[in-house]
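Please find below some notes for a colleague who is opening this model for the first time. They go point by point and can be read beside the structure.

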Protein chains: 2
Amino acid sequence: MTDLPNFRPLSASNVAEWAIEADVVIAGYGIAGVCAAIEAARAGAEVVVLERTSGWGGAAALAGGFIYLGGGTPLQRALGFEDSAQNMATFMMAALGPGADRAKIEDYCAGSVDHYQWLVDCGVPFKEEFWGEPGWEPPHDEGLMYSGGENAAPFNAIATPAPRGHLPQMQNKRTGERGGGYMLMKPLVETAEKLGIRAEYDIRLQRLIVDGDRVVGVEAKRYGQTISVRARKGVVLATGSFAYNNEMVETYAPRLIGRPGAAIEEHDGQAIRVAQALGADVAHMDATEVAFFCDPQLMARGILVNGRGQRYVPEDTYPGRIGQLTLIQQDNQAFLIIDEAAYEEGMITETSTPFFRTPPKWVCESVAELEAEIGLPELALQSTVETYNLHAKERRDPLLGKKPEWVRPVGTPIAAFDLRGFTAGFTLGGLRTDLDSHVLHVSGDPIPGLFAAGRCTSGVCAGGYASGTSLGDGSFYGRRAGTAAALGK
Amino acid sequence: MTDLPNFRPLSASNVAEWAIEADVVIAGYGIAGVCAAIEAARAGAEVVVLERTSGWGGAAALAGGFIYLGGGTPLQRALGFEDSAQNMATFMMAALGPGADRAKIEDYCAGSVDHYQWLVDCGVPFKEEFWGEPGWEPPHDEGLMYSGGENAAPFNAIATPAPRGHLPQMQNKRTGERGGGYMLMKPLVETAEKLGIRAEYDIRLQRLIVDGDRVVGVEAKRYGQTISVRARKGVVLATGSFAYNNEMVETYAPRLIGRPGAAIEEHDGQAIRVAQALGADVAHMDATEVAFFCDPQLMARGILVNGRGQRYVPEDTYPGRIGQLTLIQQDNQAFLIIDEAAYEEGMITETSTPFFRTPPKWVCESVAELEAEIGLPELALQSTVETYNLHAKERRDPLLGKKPEWVRPVGTPIAAFDLRGFTAGFTLGGLRTDLDSHVLHVSGDPIPGLFAAGRCTSGVCAGGYASGTSLGDGSFYGRRAGTAAALGK
């Protein structure tokens, strides 16, 4: 029992000495933390950011860098795309549920154009160039891309398609030196530094300090020493997801057991635990982003089948949606079936995602032969290809709605990629917060003095996902947290 | 804000008067509550049960009555079935995950034969008769049945099939007067009454009363009056699921929005909330039992297809598994395809489930015609039937493993049942407890004085379900809660 962590809050009356004091204390120097710091400082608060590692950045600085913005941002308009807050909300409610927080999504969409401007004013660069190919990210430094399946079935029939993946302009994208996430974080951290924000590194959140019902600080560890940090006005939790806390993953999001990805090992759920110990509510703890290790350029040109040889997703949609549907609805079993001509075309370097390239496992002269090689029952794959080809001759896909430009009969020679178990992901569930980023108690009211944003909270995504929503709601509600915490409410 | 509930614990120092006092205070007089009461009384404790309604029973008394037991119970052995605790655990780990609690399942299986005897000793009657047909429940008063797909693919290849759905002998089953759940609850309540247990009705749990970290009572409402109930040794929470708390369903298990079923309206999640307010952990809050409104006798004789006309489940498995796979993996879209001969055979009264009988929506002379009537793309259903029939001629189902006895080519005339949205269910997630039914804090250690069992806890089911596991773990861990609470640990 002595090895168990103790997340229970400490009473301020037991604090002998405050090692650090500030108006607003922020735990975590990633996207939510830096945005909270900027807004709290601008509201006149003295701010200190406690970061567990020895530098700013968090998962954000290592991320691709998409920020999900829309409703008619200057970038969208400059590139000829119409969008409105309502259209954006319609898409998000359809794609990010079931159970998506309507109030939060409508609020997020209504503030999206302003938020874009705020980022630009902080020095975040967006290049006026659109990338329209299927993919995880643009291959160069293009600034705008579809990042959630907005232009694919079924969502293209639910809301007017508009690209909303806004990408900070990268340097040396191909060498991987400075990705979009870094180019987002760097100007924000510089903005924070100009505002005089104090950052303390190598300090790890342990638990909250309370005075009655109110949070008044945090207990933290610095080089093995326990210290107390006083927050005169508010504490903002921004330490990221629980993707690397095995016990929490097993308890809340077991489909992700053994496959954390696109998160950093510091994502240990600590912020969620210390707030739960105070009676904080959580939401959608089972929700996960799911990456799928296959090049979208190849997927769009082939057909994806499950472990029974059946199609299940329009292959030209957002690859993260393919990942979710594969992991959750197809028991993580998938094969990509593609003919030689489509494969050759899909391998053109300018549009492909090199990282996701693996060779096909089987190459055959006929579908029947491929079916047998994969180990599928007789006719299972042949009937799928026959049905697909019947309609593909007319460039139609009545089964799943793949767009005509990608629909073409599957011929021979034919190959299959073995994509079973080819997923990884990070958790989307976390603390339940209101529109001012107050952490909500299970009774429904805010816990005084406690705020949170980023992936330690449940944001705009309940079950589904779109690339950019994590940096999106992390930055948007990080700002709200900073503003509200500075008010000391 | 004044309408919000207040789940925050009350300090005992603020209690002016204890209206009721006992060693062990149990909230909820369903299956977990009555078993806790019996064991606490037998351990020498003075026990009071607080029940929100005006009578004992809870959801249990209205349930079909299956209790999931195995490992070689006298009933299993008398009816010629071999089983072991290990074989039972192997099945449960495969069928009830991902993320199932291995320690709890192994503990539950190891104690299952003893638990059977305990129930018999309390006067619960089990008739020595096996019912071997697909179905939700036996049509008469048979005592044993497969209730989780143990004898169907894929589980029949993972563990040796053994029926474990133990059903208390019913009276007047067909008239619905006294179902199995009632026949389970009645002798248990009589046992409790003989032990001198005090039951207080029309009392509703409001929040917990604490002395420091220890739970020492509950605040409750009786006819609009707030009263305090003192628990000298321990409080046992046993008030059921959160299936009828819309906000909690939306936050934790949104696939169930608008479709609560097989639970009672008193299942409002109150026990979960008051414990969360103390920092209690929860687990698998997204997990749900899912009922599917179709007669298993018809399903086994037909083929079930999803909204794309594809098969997805062996039709002869546990119908609750069909329900889960339909709701979670097929977006709640299903059609049952059945030919005239199979339909006629399936409608024989002795084996069918009358309640689930609805007429087919479409009847056609050919599969092509039926496919068009349903609105499926050309070849979508025809190719499914062709593939199925190719193997069915040899009584094989290599795609999904339906047992040979149910495999027969689908002929004409042919009909389809429209089963879209034909699901309902109750929640399986709840408080995280240890093997002694202590409620665990998010720090991992027990909350002193607080115990829980039944559907307000996360029991043996993480994602999957088998009929009888709710009354099973509710009774098993209800007993543990009573024993541990009486010890006052």
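1. In this predicted model, the contact between the two domains of chain A takes 21 residues from domain 1 and 24 residues from domain 2. On the domain 1 side of chain A, strand S13 (residues 288-292) gives the most, with four residues. That side of domain 1 divides into eleven nonpolar, seven polar and three charged residues.

2. As for the division itself, domain 1 of chain A is made of 1-292 + 425-489, and domain 2 of chain A covers 294-421. Taken over C-alpha atoms, the centres of the two domains of chain A are 35 Å apart.

3. The next contact is the one between chains. Chain A and chain B each bring 42 residues to it. On the side of chain B, helix H7 (246-252), helix H8 (270-276) and helix H13 (380-392) each supply at least two residues. The largest share there is that of H13(B), with six residues. By type, the side of chain B that touches chain A holds 18 nonpolar, 14 polar and ten charged residues.

4. How are the two copies related? A turn of 180 degrees, with a shift of 0.0 Å along the axis, lays chain B on chain A with an RMSD of 0.0 Å. The copies are therefore related as by a two-fold rotation axis. Both copies use the same surface, since 100% of the contact residues of chain B recur in chain A. Which residue of chain B comes closest to the rotation axis? That residue is Gln329(B), whose C-alpha lies at 2.1 Å.

5. On the interior: the largest nonpolar core has 246 residues. Val236(A), Ala452(A), Val236(B) and Ala452(B) have the most contacts inside this core. Leaving aside residues up to four places away in sequence, Val236(A) touches Val24(A), Ile26(A), Ala36(A), Phe451(A), Ala452(A), Ala453(A), Ala481(A), Gly482(A) and Ala485(A). There is also a second, separate core of 78 residues, which includes Ala300(A), Ile338(A) and Ala424(A) from chain A together with Ala291(B) from chain B. As general background, nonpolar side chains tend to be buried together in soluble globular proteins.

6. Helix H4 (residues 102-110) of chain A deserves a separate look. Which of its residues are buried? They are Lys104(A), Ile105(A), Asp107(A), Tyr108(A) and Cys109(A). The cover over these buried residues of H4(A) includes helix H3 (85-95), helix H5 (112-121) and helix H14 (469-487) of chain A.

7. One sheet of chain A is open and has four strands, in the order S4-S7-S6-S5, with mixed pairing. Its edge strands, strand S4 (67-68) and strand S5 (130-131) of chain A, each pair on one side only. Strand S6 (residues 144-145) and strand S7 (residues 165-166) of chain A pair with each other in the antiparallel sense, over two bridges. In one of these pairings, Met145(A) has Gly165(A) of S7(A) as its bridge partner.

8. The loop between S6 and S7 of chain A holds Pro154(A). The peptide bond from Ala153(A) to Pro154(A) is cis, with omega near 0 degrees. In chain B, the bond from Gly97(B) to Pro98(B) is cis as well, with omega near 5 degrees. Pro98(B) sits in the loop between helix H3 (85-95) and helix H4 (102-110) of chain B. These bonds merit a check, given the general background that most peptide bonds are trans.

9. Two residues other than glycine have a positive phi and should be inspected in their loops. Tyr223(A) has a phi near 45 degrees and lies between strand S10 (214-222) and strand S11 (225-237) of chain A. Asn332(B) has a phi of about 65 degrees and lies between helix H10 (319-329) and strand S15 (335-339) of chain B.

10. Are Tyr223(A) and Asn332(B) buried or exposed? Tyr223(A) counts as exposed because it has 8 C-beta neighbours inside 10 Å. Asn332(B) has 20 C-beta neighbours inside 10 Å and so counts as buried.

Conventions. Residues numbered from 1 in each chain as written. Chains lettered and ligands numbered in written order. Predicted model: local features only at pLDDT ≥ 70, side-chain atom pairs only at ≥ 80, totals over all residues. Domains from an automatic or database assignment. Contact = placed C-beta atoms within 7 Å. Nonpolar A, V, L, I, M, F, W, Y, C, P; charged D, E, K, R; others polar. Least-squares fit on C-alpha atoms with pLDDT ≥ 70 in both. Buried ≥ 20, exposed ≤ 12 C-beta atoms within 10 Å, placed from the backbone. Core = buried A, V, L, I, M, F, W, Y, C linked by C-beta atoms within 7 Å. Pairing = 2+ DSSP bridges.
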